[in-house]
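Reader: Could you take one part of this model and go through it closely with me? Please spell out the cut-offs as you go.

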Amino acid sequence: GSRTQWPTRSEVLAAIPAECFDRDLGKSLGYLAMSAALTAVIAIAAYTYIPLTLWALPLWASYAVVCGTVATGLWVVAHECGH
């Protein structure tokens, strides 16, 4: 059978544009603030407008998907800070 040839680490790094390795604290803090603000706005909106009733269960499920997606940005930052 044929074997898959995986790229080397240096080949992968060479394929990534150089600007992806430039660090920008201001830009990073902006993304952090945006992710935190969006997560808070979505949570406040859900708390304010979605009642705690059985018929609203599909709305809460939708909220969980949307808020979970947005909050993933915060999780990524927290995860990377642990390295």
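Author: Let's start with Ala36, which you'll find in helix H2 (helices are DSSP runs of H or I, at least four residues, and strands are runs of E, at least two, numbered from the N terminus). Keep in mind that this is a predicted model, where local features need pLDDT of at least 70 and side-chain atom pairs count only at pLDDT 80 or more, while totals for chains, interfaces and linings use all residues. Residues are numbered from 1 along each chain as its sequence is written, and side-chain values use heavy atoms, leaving out hydrogens and water.

Helix H2 runs over 25-49, and Ala36 counts as partly exposed there because its relative accessibility is 35% (under 20% is buried, over 50% exposed, partly exposed in between, with a 1.4 Å probe and protein chains only). Now look across from Ala36 to Leu74: 38 residues separate the two along the chain, yet their C-alpha atoms are 6.8 Å apart.

Move along helix H2 and you come to Thr39, which also sits in that helix. Thr39 has a relative accessible area of 14%, so it is buried. What does Thr39 touch, once residues up to four places away in sequence are set aside? It touches Cys67, Val70, Ala71 and Leu74, with contact meaning heavy atoms within 4.5 Å. So Leu74 turns up twice in this part of the picture: as a contact of Thr39, and as the partner of Ala36 in that 6.8 Å C-alpha distance.

Right after Thr39 comes Ala40, again in helix H2. Ala40 is partly exposed because its relative accessible area is 35%, whereas Thr39 is buried at 14%. For a sense of spacing, try Ala40 and Leu54: they are 14 residues apart in sequence and 24 Å apart in space, going C-alpha to C-alpha.

Back to Cys67, one of the residues that Thr39 touches. Cys67 is buried, since its relative accessible area is 11%. Cys20, on the other hand, is exposed because its value is 54%. If you're wondering about disulfides, the count is zero, taking a disulfide as a pair of cysteine sulfur atoms within 2.5 Å.

Cys67 falls inside helix H3, which covers residues 57-81, and that helix deserves a look too. Gly73 is in helix H3, and it is partly exposed because its relative accessibility is 30%. From Gly73 to Pro58 you cover 15 residues along the chain and 24 Å between C-alpha atoms.

Helix H3 also carries the aromatic pair, and the structure holds one of these. The partners are Trp60 and Tyr63, arranged edge-to-face, with 5.4 Å from centre to centre and 90° between the planes (rings of Phe, Tyr and Trp, using its six-membered ring, pair if their centres lie within 6.5 Å; planes under 30 degrees apart are stacked, over 60 edge-to-face, the rest tilted). Both residues lie in helix H3, three residues apart, or about one turn of the helix. Trp60 is partly exposed because its relative accessibility is 22%. Tyr63 is partly exposed as well, because its relative accessible area is 22%.

Now for the stretch ahead of helix H2. Phe21 has its place in the loop between helix H1 (9-15) and helix H2. With a relative accessible area of 48%, Phe21 is partly exposed. Farther back, Ser2 is found in the segment before H1, and it is exposed because its relative accessible area is 75%. How many Å separate the C-alpha atoms of Ser2 and Thr39? The gap is 47 Å, for two residues 37 apart along the chain.
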